[in-house]
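The following exercises concern the interior of a protein model. Each task is followed by a solution in steps.

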Amino acid sequence: MGFGTWAWGNQLLWGYQESMDSELQECFNLALRNGINLFDTADSYGTGKLNGQSERLLGRFIREFEGPIKSPDDVVIATKFAAYPWRLTSGQFVGACKSSLERLQLDRLGIGQLHWSTANYAPLQERALWDGLVEMYDKGLVRAVGVSNYGPKQLLKIHSYLASKGVPLSSAQVQFSLLSMGDEQMELKTVCDSLGIRVIAYSPLGLGMLTGKYDSSNLPKGPRSVLFRQILPGLESLLSCLRRIAEKKGKTMSQVAINWCICKGAIPIPGVKTVRHVEENLGALGWRLSPAEIQELESAAMAAPKKMIQNVFQTA
């Protein structure tokens, strides 16, 4: 398991304030002390003037961590580089990587990831971005390369292209949870397994819908409430199933939902904003759901009338 840092700097969706930084640092420290060393971020994380704030905070927390970090490589920072329309050349994409390293104050990233594919709307740009991944790998700016929001067909194409350049594709990040386990996600997982690519599961708690914290009369603040209002009313059966299994296991609903991802062979990266989040998410480790419980959860999930809306940048 790793932790996601989308909320670190995002005021619009997650209500970030700079006063939260001290607790975010506690989150980071607690994670590392408990063996969690994968942190996912992006050069686009942070709203307005806070763009890049997630990376800046991670870099600061690494430098100030009082613990057994023998080398910066002990902390795996997985940064996603946005496929902005002005990043038209491989050199510009490598420049994005260097800017992330500057914000993080690191010499090398754990995983450099292409945040989304442009195949659906700017196919010529796509090849330049792939070449940028090759360059940053060859220059030693990243230890590994990965992609995000790629479907199985496009994943096969980039895997083949990178292999022809001698660059292994290490990871594929996709929305994956009990609310996002459709045919395309499962096909992607099968392709990744066959190619030795690790699936990184973002939004493993369905933006919070699988936590049991919300219902139709208690919705989150901000833009999430619109989505929750559409989907939550149809989740009674799934949430009831999660609650029943959680009680039987002596776990929370969140821990069961995250453990499902782990049992499917994915690396979940739930977001964390508080020490309580970290403590609860750590409780998803060290045990496994039974095959019967996995089947029960998946049956309840498939019966839900509405699923999570897929990322607009997700390709086939």
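**Exercise 1.** State with which residues Leu242 is in contact, leaving aside its neighbours within four places in sequence.

*Solution.* Contact means heavy atoms within 4.5 Å. By this criterion, Leu242 touches Leu178, Leu210, Met253, Val256, Ala257 and Leu297. The model is a predicted one, in which local features need pLDDT of at least 70, side-chain atom pairs count only at pLDDT 80 or more, and totals for chains, interfaces and linings use all residues. Residues are numbered from 1 along each chain as its sequence is written, and side-chain values use heavy atoms, with hydrogens and water left out.

**Exercise 2.** Determine how many residues the largest nonpolar core has, and which helix gives the most to this core.

*Solution.* A nonpolar core is a set of buried (under 20% relative accessible area, 1.4 Å probe, protein chains only) Ala, Val, Leu, Ile, Met, Phe, Trp, Tyr and Cys residues joined through side-chain atoms within 4.5 Å. The largest such core has 102 residues, and Leu155 and Leu242 have the most contacts inside it. Helix α10 (residues 253-263), a DSSP run of H or I with at least four residues, gives the most to this core, with 8 residues. A second, separate core has 9 residues, among them Leu38 and Ile200.

**Exercise 3.** Classify the residues that line the largest pocket as nonpolar, polar or charged.

*Solution.* Asp, Glu, Lys and Arg count as charged, Ala, Val, Leu, Ile, Met, Phe, Trp, Tyr, Cys and Pro as nonpolar, and the others, Gly among them, as polar. The lining accordingly comprises 20 nonpolar, 21 polar and 7 charged residues.

Technical notes:
Buried means under 20% relative accessible area, exposed over 50%, partly exposed in between (1.4 Å probe, protein chains only). Helices (H or I, at least four residues) and strands (E, at least two) are DSSP runs, numbered from the N terminus.
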